[in-house]
2 protein chains.
Amino acid sequence: MAKIAILGYGTVGSGVFAVVTKNQDVVSKKAGEAVEVKRVLDLRDFPGDPVEPYLTHRFEDILEDEEIDVVVEVMSGINPAYSFSKQALEAGKSVVTSNKAVVAQHGPELIDAARAHGVSYLFEASVGGAIPIIRPLMTSLTADHITEVWGILNGTTNYILTEMAEKGTAFSDVLKDAQKLGYAEADPTADVEGHDACRKIAILSSLAYGKTVDFQQIPTEGITKITAEDIAYGKAMGCAIKLLGTSKKTTHGISAMVAPYFLPVSHPLASVNGVFNAIFVKGDMSGDTMYYGSGAGKLPTASAVTADIIDAVRQTAVFLDWDTSAKLPVETKDEVTVKAFVRVAYSDAEQAKKACNDLFGVVKFVQLESFGDEFGLVADGLTEAQLAKKAALLAQAPAITQVRNIIRMEE
Amino acid sequence: MAKIAILGYGTVGSGVFAVVTKNQDVVSKKAGEAVEVKRVLDLRDFPGDPVEPYLTHRFEDILEDEEIDVVVEVMSGINPAYSFSKQALEAGKSVVTSNKAVVAQHGPELIDAARAHGVSYLFEASVGGAIPIIRPLMTSLTADHITEVWGILNGTTNYILTEMAEKGTAFSDVLKDAQKLGYAEADPTADVEGHDACRKIAILSSLAYGKTVDFQQIPTEGITKITAEDIAYGKAMGCAIKLLGTSKKTTHGISAMVAPYFLPVSHPLASVNGVFNAIFVKGDMSGDTMYYGSGAGKLPTASAVTADIIDAVRQTAVFLDWDTSAKLPVETKDEVTVKAFVRVAYSDAEQAKKACNDLFGVVKFVQLESFGDEFGLVADGLTEAQLAKKAALLAQAPAITQVRNIIRMEE
């Protein structure tokens, strides 16, 4: 009999409680012994809820309980989640988490703590919800040098962009609906500004390339500036718009970015809609593989957490090929090159196009009649810094009245 | 130092030789020791090829060599692949294979032999080429009851159907091109008649549901009867056509089939094109997940084989949840229910539609003007046997001149 404790009885915590209870037959079979929740930590009380007999308000009740082998940290935010995780690992308990903020910020230290105490720190659910991605990276693509990992890593923003594309609705309206439906938080900043996707691509990159990638070094842009007009230009070019976390191996480190991207509709990621996530991996031998599933949600996320619990109980946790002492440099805005769509409003079309050609070289223009005096251009082979500088210069050109948006493009 | 032998220096065998040699750094790191090819069995000679020093024509040179721990069976066909595998396992060597025919026919017996001798029988590459699917099923979706597994399991037929859909070309013309390009074999029967996909869905079902599924019980239909006209009807209904292997859990067993299906274009599998494969899995907690990648090809398949070699060397092979002593019943044609599109030519439209409604209930009709005196109808909730019987009756109705095709539909 293996006994576990759950820290946090929110969406994921109550999901883990439900999965371990409801699928006890399969969980016990796979774990090789019965798995039972012994304690659940939450500051709140839940009168009448099945969790009631297990509830405690004191972390010490878990930390000091020698029967508890596995601690499931499904709180949110850094503290006290980080401190509780570290204490649990140092007390010889394995820790399983879905908390991408803690893994991105303190992952190397917590992996080290787990290794030092002969236990596991597992976080499959911190990236891509139910999607198996950490195990495939660590145990299936083992014959490959991974050269790229990127994808749709946030369900809230993918839901918003999908609704905007399908219904032509404005960002702010879709956001309000998403909040009503529970697909977006009351404070949606972490999702819509790309911070959540940034932490996830940092974790994935660290695992794919084997050295720590600092999420704070990844240029990150959200979807708040995307309009129905931008999406219409994308459609005209045969592209969908997706918030992507991207990361590609370079000679000395990686080129990484989080931003909304135009992606050809023929790309498998382009048809990943709604709250679904998908992760694309390129290996030098395996070629392109992709992993798709629910990026969030109570039971899907809990399913991934529970799979980690099973590994922790069986002590068959996968070897994490993550050298926690080594850092992988991320290209700065002066180094990372992009292909980008730039949307400009003009007072004089001929002069405006000349100004664009002067700045970006001879570029391709896209014009949609219904939008009046504006066009889009596609510029390639610029660094992020050059793109920003040229866009600023373009905004000052006499025939240009406004640079309306800049959207990166992926092929 | 781990020494391996490769049986068969064809496409996959030479790929494994290339991966183990070229990616020696990562393979050795992941295996925990250097991995070296000691012997390659092939009846042919390869003068001047890097394999030359390792070649042998005698299986005994491998079987009797105690230094060889892992035997890689990448031949094709049942014999002597099966017999060599069994002998190797009984001699205490792990066996890794990409041979779906052997796994589908003799898998349970070979898994038993491996278990009895404390070694591994591993076959990730037998399904979906480079796509990690067996490990995700066995190690990631462990908290779930799997209720469905289905997908595009054959690259040759997916390439043919994609070309037919994109270019409006006839099946026989695309097949000829595919043979020239090396995407189809000189004798394409196993691919185009669905036999290859049938073996793969049987293997996946056995793993997903934990009991042996007999591939011979799965109703199987190929793509040879699909025409450009059928594809046009699909497009008119918002559907792509894909050869699917399907398998869904029922109360007493599974409902399984291999056939060309109409699939809504919004479904993630619908945009899996060319030689790519993808596998869709439904779990009661994880929901829908999908796994996408190269379903065949020298290096992608070799990448999956080599990942299994690494597991065999590390002795960390995953626990296969496959009860080899239990059989899972497959619904017969009298039991399995389908939704189907039936295409009929008529001499009198009104009478023909009345005949269809009389036989199938009130159904939806699809008519494309350019095709003249024919229409399609969508019938739902019939068993395969009923569908065949009603189609035969329809063909005899006075106003109907021909039943041109029957294509199943998936949602």
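**Sheet, helix packing and chain symmetry**

In chain B of this predicted model, six strands line up as an open sheet in the order β3-β2-β1-β4-β5-β6, with parallel pairing. Its edges are β3 (55-56) and β6 (121-122) of chain B, each of which pairs on one side only. Further in, strand β4 (residues 68-73) of chain B runs parallel to strand β5 (residues 94-97) of chain B, and four bridges hook the two together. Along that pairing, B:E73 sits opposite B:T97 in β5(B).

Two helices of chain B can be placed against these strands. Helix α12 (residues 298-314) of chain B packs on the sheet and touches β1, β2, β4, β5 and β6 of chain B, its direction making about 155° with that of β4(B). Helix α1 (residues 11-22) of chain B, for its part, lies across β1 (2-7), β2 (35-41) and β4 of chain B, and runs at about 160° to β2(B).

Over in chain A, helix α5 (residues 100-116) and helix α10 (residues 195-209) pack with their axes 9 Å apart, at an angle of about 50°. That makes α5(A) and α10(A) oblique to each other, and the crossing is left-handed. On the α5(A) side the contact uses A:K100, A:A101, A:V103, A:A104 and A:G107, while α10(A) brings in A:D196, A:R199, A:K200, A:A202, A:I203 and A:S206. Sorted by class, this contact has five nonpolar, two polar and four charged residues.

As for the two chains, a turn of 180° with a shift of 0.0 Å along the axis lays chain A on chain B with an RMSD of 0.1 Å, which is the relation of a two-fold axis. Both copies use the same surface, as 100% of the contact residues of chain A recur in chain B. Within chain A, the residue that comes closest to the rotation axis is A:Y291, at 2.4 Å (C-alpha).

Note on methods:
Residues numbered from 1 in each chain as written. Chains lettered and ligands numbered in written order. Predicted model: local features only at pLDDT ≥ 70, side-chain atom pairs only at ≥ 80, totals over all residues. Least-squares fit on C-alpha atoms with pLDDT ≥ 70 in both. Contact = placed C-beta atoms within 7 Å. Axes fitted to C-alpha atoms, helices over the stretch in contact; angles between N-to-C directions. Parallel < 35°, antiparallel > 145°, perpendicular 65-115°, else oblique. Left-handed = near helix turned anticlockwise from the far one by under 90°. Nonpolar A, V, L, I, M, F, W, Y, C, P; charged D, E, K, R; others polar. Pairing = 2+ DSSP bridges.
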